[in-house]
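Me: Please take a close look at one part of this model for me. I want to know what lies around the ligands.

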Amino acid sequence: MAKLFRAVIMGPPGSGKGTISERIAHSFGLKHLSSGDFVRENIAAKTEAGVQAKTYIKKGLLVPDHVMTRLLLPRLGDDQIQLVVRWYVGFPRTLAQAEALNSACDLDVAINLNIPLETLKERLRHRWIHPPSGRVYNMCFNPPRVQGIDDITGEPLIQQEDDRPEALVARLRHYKDVAKPVIDFYKAKGILYTFSDTETDRIWPNISALLSTKIPAIQTDARCASTH
Ligand SMILES: Nc1nc2c(ncn2[C@@H]2O[C@H](COP(=O)(O)OP(=O)(O)O)[C@@H](O)[C@H]2O)c(=O)[nH]1
Ligand SMILES: Nc1ncnc2c1ncn2[C@@H]1O[C@H](COP(=O)(O)OP(=O)(O)O)[C@@H](O)[C@H]1O
């Protein structure tokens, strides 16, 4: 059986999970599953879970674990996401989710982004997204070519409801409380890699170097395993 590479990227809202995942997708050809995008798809499609999730997101709260795990666990084995590499963004976010994921599969790497609070607030004030694709822009860091318009499709960009300052402070405070046990969980497993900086451009080379050492080895194992 081919060995899968499985990784998660964790960090508070605005820490760069989406931005770094785009770079990983581009450099390593790995697709990812983003729990935030998935929640937003369910809200837009008005599924039962989406309707439930919306009430929490509007208040800047996490969606409860039983809703998240019911939504996401069936998708984690979805081969359309990736055959050899699975990359999860924004999940798990609580210890209960980490334990649920752990009983479904083993992870190889857990990346933890540690970014100062003031930097997060400043970034999210300027964040604009293209909901259908999940593409993220920042009016200072990576602005679209035309203000308010997605570069690829020409469709309008929006500011997310939960990036409003009232929801934001609650989200950032809550993140800190729930993330600590998850970080400790992965530290105890010996797979935690923490990156601290105010700039994605300074963090990215270190993440890229880490993945270069991990992914080829695992993909080589996978090729060997599949020939025996
Ligand atoms: N100024 C600045 N903005 C950044 C940097 N890295 C990411 N951003 C922007 O900050 C916002 C939050 O990043 P995002 O990847 O969406 O974070 P996530 O919530 O963790 O997925 C987005 O608007 C990004 O374009 C950076 O190094 N500097
Ligand atoms: N794993 C999760 N557990 C609980 N709620 C989640 C999870 N992933 C996403 N959400 C909900 O969806 C919202 C948007 O998620 P996301 O796009 O990852 O944004 P951010 O990292 O900026 O909070 C979160 O603020 C939260 O309410």
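Reply: Start with ligand 1 in this predicted model. There are 17 residues around ligand 1. Gly-14, Thr-19, Arg-127, Tyr-137 and Thr-200 come nearest.

Now look at the polar contacts. The backbone of Ser-15 places a polar atom 3.2 Å from an oxygen atom of ligand 1. In the side chain of Arg-123, an N or O atom is 3.4 Å from an oxygen atom of ligand 1. Asn-138 also takes part: a polar atom of the Asn-138 side chain lies 3.5 Å from a ligand 1 oxygen.

How much of ligand 1 does the protein bury? Alone, ligand 1 exposes 580 Å², and the protein buries 91% of that. Two elements give two or more residues each to this shell: helix H1 (17-28) and strand E6 (135-138). By class, the shell holds five nonpolar, eight polar and four charged residues.

Next comes ligand 2. It is surrounded by 17 residues. The closest are Lys-17, Ser-35, Leu-61, Arg-93 and Arg-171. Two of these names return among the polar contacts. A polar side-chain atom of Arg-93 is 2.6 Å from an oxygen atom of ligand 2. For Arg-171, a polar side-chain atom lies 2.7 Å from a ligand 2 oxygen. Val-63 uses its backbone instead: a polar atom there is 3.0 Å from a nitrogen atom of ligand 2.

On its own, ligand 2 has 530 Å² of accessible area, and the protein covers 95% of it. Helix H2 (residues 35-44) gives the largest share of the shell, three residues. By class, the shell around ligand 2 has seven nonpolar, four polar and six charged residues.

Methods
Residues numbered from 1 in each chain as written. Chains lettered and ligands numbered in written order. Predicted model: local features only at pLDDT ≥ 70, side-chain atom pairs only at ≥ 80, totals over all residues. Heavy atoms only, no water. Near = heavy atom within 4 Å. Polar contact = N/O pair within 3.5 Å; in protein donor to acceptor, adjacent residues only side chain to side chain. Areas by Shrake-Rupley, 256 points an atom, 1.4 Å probe, with all protein chains shown as cover. Helix = DSSP H or I, 4+ residues; strand = E, 2+ residues; numbered from the N terminus. Nonpolar A, V, L, I, M, F, W, Y, C, P; charged D, E, K, R; others polar.
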